[in-house]
Amino acid sequence: MPTMDMIRRILCPTDFSATATKAVKYAERLALQTAADLYLVNAFSTPVELTVASQTSPRDSQHQENMNQLLVESPLANRVVRLLHAGEPGEVICWMAQEHSCDVIIMGTHGHGGLHHLIFGSVAEYVLRHARCPVMTIRNRPDNEAPATQPLVIPVKAPKFISG
C-alpha cells in the first residue's frame, strides 16, 4: 500500500449512485490530505457513434452533465480530471488507472451478494482482481446497522491424557 507521500494520483469511478458519491467524497478528502490529483471516471455503454473518436462521448448527455457537476465547489476543483469512456466498467476502470499512472483506486461497492452477484457479477470484484494498483472499496451502510460484534473465543478443553 502506498504511503501518504506516495499518493499522487487517485482514480475514483462513479456511476452517480449514492454509494459512488460517498466514494467520491472519500477520495476528495484523501486527495486534499495528500495533494494528489483526482481522476473521476464514468464508464458508459453507448457512445454517440460507433467510432474510435466517439469512445469518450456518451449518447446520453446526462453522463457528461453529471460528471461536470462533481466537486465543482471543492477546494480540489482545479486538480480534478473528469474522464468518460465507453466500455465495460471494470475494464475501463483498470485501464484508466493504468493509463494515468494512478496510485490507488477508491470506488463504491453496492455489496450485492448471492444470486444477484452470480447473475450480474461485480464491478468492484473485477477491479480488485485486475487493477495494477491498490483498490479501496467504500460501502454505503445504513445508519441503523448494528455494530460489529467482538469475536468470541471459546477455550479448548485439554485432552484427558493431559488433564489426568
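**Notebook: strands and cores of a predicted model**

I began with C12 and found that its bridge partner in β2 is L40. I note at the outset that this is a predicted model.

**Entry 1: β1 and its partners.** I looked up how the two strands of that bridge are related. β1 and β2 run parallel and are joined by five bridges. I then followed the chain between them: it leaves β1, passes through α1 and enters β2, and I recorded this β-α-β crossover as right-handed. I next examined β4, which pairs with β1 in the parallel sense over two bridges. Here L11 of β1 has I105 as its bridge partner in β4.

**Entry 2: burial of β1.** How many of the five residues of β1 are buried? I counted four, so β1 is largely enclosed by the rest of the structure. For this entry I took buried to mean under 20% relative accessible area.

**Entry 3: the largest nonpolar core.** I turned to the nonpolar side chains. In soluble globular proteins, such side chains tend to be buried together. The largest nonpolar core in this model holds 22 residues. Which residues have the most contacts inside this core? I listed I10, C12, L38, L40 and I106. I then asked which elements each supply at least two residues of the core. They are β1 (9-13), α1 (18-34), β2 (37-44), β3 (80-86) and β4 (104-109). The helix α1 gives the most, with five residues.

**Entry 4: L38.** I looked up the contacts of L38, leaving aside its neighbours within four places in sequence. L38 touches I10 and C12, then A27, E28 and A31. Its contacts also include L71, L76, R79, V80 and V81.

**Entry 5: a second core.** I found another nonpolar core, separate from the one above and made of 16 residues. Among its members are L83, V92, C94 and V127.

**Entry 6: the whole chain.** I closed with the chain as a whole. The protein chain has six helices and five strands. Read from the N terminus, the order of elements is β-α-β-α-β-α-β-α-α-β-α. Of the 164 residues, 34% are buried. I also checked the contacts with a separation of 6 or more: 74% of them link residues 24 or more positions apart. The chain exposes about 10600 Å², and carbon and sulfur atoms supply 54% of that area.

Definitions and conventions:
Residues numbered from 1 in each chain as written. Predicted model: local features only at pLDDT ≥ 70, side-chain atom pairs only at ≥ 80, totals over all residues. Heavy atoms only, no water. Buried < 20%, exposed > 50% of the residue type's maximum accessible area, 1.4 Å probe, protein only. Contact = heavy atoms within 4.5 Å. Areas by Shrake-Rupley, 256 points an atom, 1.4 Å probe, with all protein chains shown as cover. Core = buried A, V, L, I, M, F, W, Y, C linked by side-chain atoms within 4.5 Å. Pairing = 2+ DSSP bridges. Right-handed = clockwise from strand over helix to strand, strands pointing away.
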